[in-house]
Amino acid sequence: MNDRQRFLDEHAKLTRRYFLQAGAACVATAGGLSLAAASEPRAPELAKIIDKLGPFFTNQADFQDVSRGTPVPHSLPEGKRREVGLTRETWKLEVISDPDKPATLGKQLTKADGTALDFVGLLKMAEKSAVRFAKVMTCLNIGCPLGMGLWEGVPLRDVVWLTRPKENLRRIFYYGYHNDDPKQMFQSSLPVGRVLEDYFDLPPVIVCYKLNGQWLEPKRGGPVRIVVPEGYGFKNVKWLTTIVLTNLDYANDTYANGNNDIDSPLKSFAATLSVPTEVKSGEAIPITGYAQVGIGGLSKVQVWMRPAGEKWPADDPYFTAAPWTDAEVLGAPERWGGGLSDETIPQGTTGFDADGKPRTWPMRLSKIHWAALLPGLPAGDYVLRSRTVDEKGIAQPMPRPFRKSGHCDIEEVKLTIKG
């Protein structure tokens, strides 16, 4: 056995034993995040950094912004936003048949004939059919979520049925306001089946007007946007103005022009949040991180530390044979954050019971936290990696390792152990 293999084997055994001794099932609160109940308190060095983790939901003002437009529509003066329908009082939604590949409809909703759906009409529909669900918003090509929210709206299918569609409807196009400039128009689409029916246990695609119980702010796409539960950010078009019902059999998504996979749902992946840059030899190493829980769900998060500079077999690019160790997935929050009233989940929220508790955990299509306390190591430079394993036992970055279908590379974090 060579030195490298000896190190890997010994560190894997030590790490597993250390996790057990450190109390892998103990109680800690971290910004409202609770770990599984246990008989011993968590190690102080780990509890300290867990306490600094943020809340589950993101305040609207704290979402990262990747809005498109010159100028960005949410930056327009109030008067201009009123003029172009980007306030709740002036918003109008047209739902029309594609003039080139028309769907057969009983009626169209247009501004010209005064039938376009306005905000009052949308809220009237919401009295009967409003839905609310948790979703992480993530850009297809960015390696970190933009924010985690509780989104509320009317199912898009309810708006589609207002047109009394009859036949020749295969796809639904939608786009928002982008300065009345055709070259800036950002558009996306969905197959009609996904809009009219909720596959498996997915929530419906919604015409969204609230985030975390508050009116959708202009910067978040208000007054109204599309939210696709399993979709990356480009599917969730902001400043919604127009829906086109078409008999075309292919997508019109703006992102298709950038060689992106426009039909891939959210992936699962892990990343670190708190890792010490320097640690003394022999000291325990506390680590926290998050995991995006994609369409495949999440069964575990794993970590692996190895000396920097040591080569790994080229025929195992995803480190499947590495001695990964299970980290601990933190439990459901007791306080949710995000500006929710009383920090409680409103009654009737999809995926939650009558007491506001998640029906399953970790929740798919959300962002959760994890933590690990690794045993001390000899002096030297190391690389820390983390990964997810989905509900089918498939480890990140599989089953879809391609960047254009959503970022999910295994993160590498450098760490120095001082003598």
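In which sense do strand E3 and E5 pair, and over how many bridges? Strand E3, which covers residues 92–97, pairs with E5 in the antiparallel sense, and the pairing extends over 2 bridges. Within this pair, Leu 93 stands opposite Leu 117 of E5. The model discussed here is a predicted one, and the following paragraphs proceed from the chain as a whole to the sheet that holds this pair, and then to individual residues.

The secondary structure of the chain amounts to 6 helices and 23 strands. Its radius of gyration is 24 Å, close to the 22 Å that the globule rule gives for 419 residues, so the chain is as compact as a globular protein of that length. Along the principal axes, the C-alpha trace spans about 80 × 45 × 40 Å. Of the 419 residues, 55% count as buried. When contacts between residues at least 6 apart in sequence are considered, 73% of them join residues at least 24 apart.

The surface and the charges of the chain may be described in similar terms. The accessible surface comes to about 18,700 Å², and 51% of this area belongs to carbon and sulfur atoms. The chain carries 52 positive and 49 negative charges, and the mean positions of these two sets are 2 Å apart.

The pair described at the outset belongs to an open sheet of 5 strands, arranged in the order E5-E3-E14-E9-E10 with mixed pairing. Strand E5 (117–118) and strand E10 (187–191) are the edge strands, each pairing on one side only. In general, the strands of a sheet pair through backbone hydrogen bonds, in either a parallel or an antiparallel manner.

Two residues in loops that adjoin strands of this sheet have an unusual backbone feature to report, namely the sign of phi. Asn 168 is found in the loop between strand E8 (165–167) and strand E9 (171–176). Its phi is near 60°, a positive value in a residue other than glycine. Trp 239, in turn, is placed in the loop between E13 and strand E14 (240–246), and phi of Trp 239 is near 50°, likewise positive in a residue other than glycine. Are these two residues buried or exposed? Asn 168 is partly exposed, because its relative accessible area is 36%, whereas Trp 239 counts as buried, because its relative accessibility is 2% and the cut-off for burial is under 20%.

Cis peptide bonds form the next topic. One of them joins Gly 222 and Pro 223, with omega about 15°. Pro 223 lies in the loop between strand E12 (214–215) and strand E13 (225–227). The peptide bond from Trp 361 to Pro 362 is also cis, and its omega is near -5°. Pro 362 has its place in the loop between strand E20 (328–329) and strand E21 (366–374).

Strand E21 also contains Ser 366. Which residues is Ser 366 in contact with, leaving aside its neighbours within four places in sequence? They are Phe 56, Val 136, Met 148, Ala 291, Gln 292 and Val 293. Ser 366 has a relative accessible area of 0%, and it is therefore buried.

Conventions:
Residues are numbered from 1 along each chain as its sequence is written. This is a predicted model: local features need pLDDT of at least 70, side-chain atom pairs count only at pLDDT 80 or more; totals for chains, interfaces and linings use all residues. Side-chain values use heavy atoms; hydrogens and water are left out. Helices (H or I, at least four residues) and strands (E, at least two) are DSSP runs, numbered from the N terminus. The radius of gyration is taken over C-alpha atoms; the globule rule is 2.2 Å times the number of residues to the power 0.38. Buried means under 20% relative accessible area, exposed over 50%, partly exposed in between (1.4 Å probe, protein chains only). Contact means heavy atoms within 4.5 Å. Accessible areas come from the Shrake-Rupley method with a 1.4 Å probe; for residues, only the protein chains shown count as cover. Lys and Arg count as positive and Asp and Glu as negative; His and the chain ends are not counted. The place of a charge is taken as NZ of Lys, CZ of Arg, CG of Asp or CD of Glu. Two strands pair if DSSP finds at least two bridges between them.
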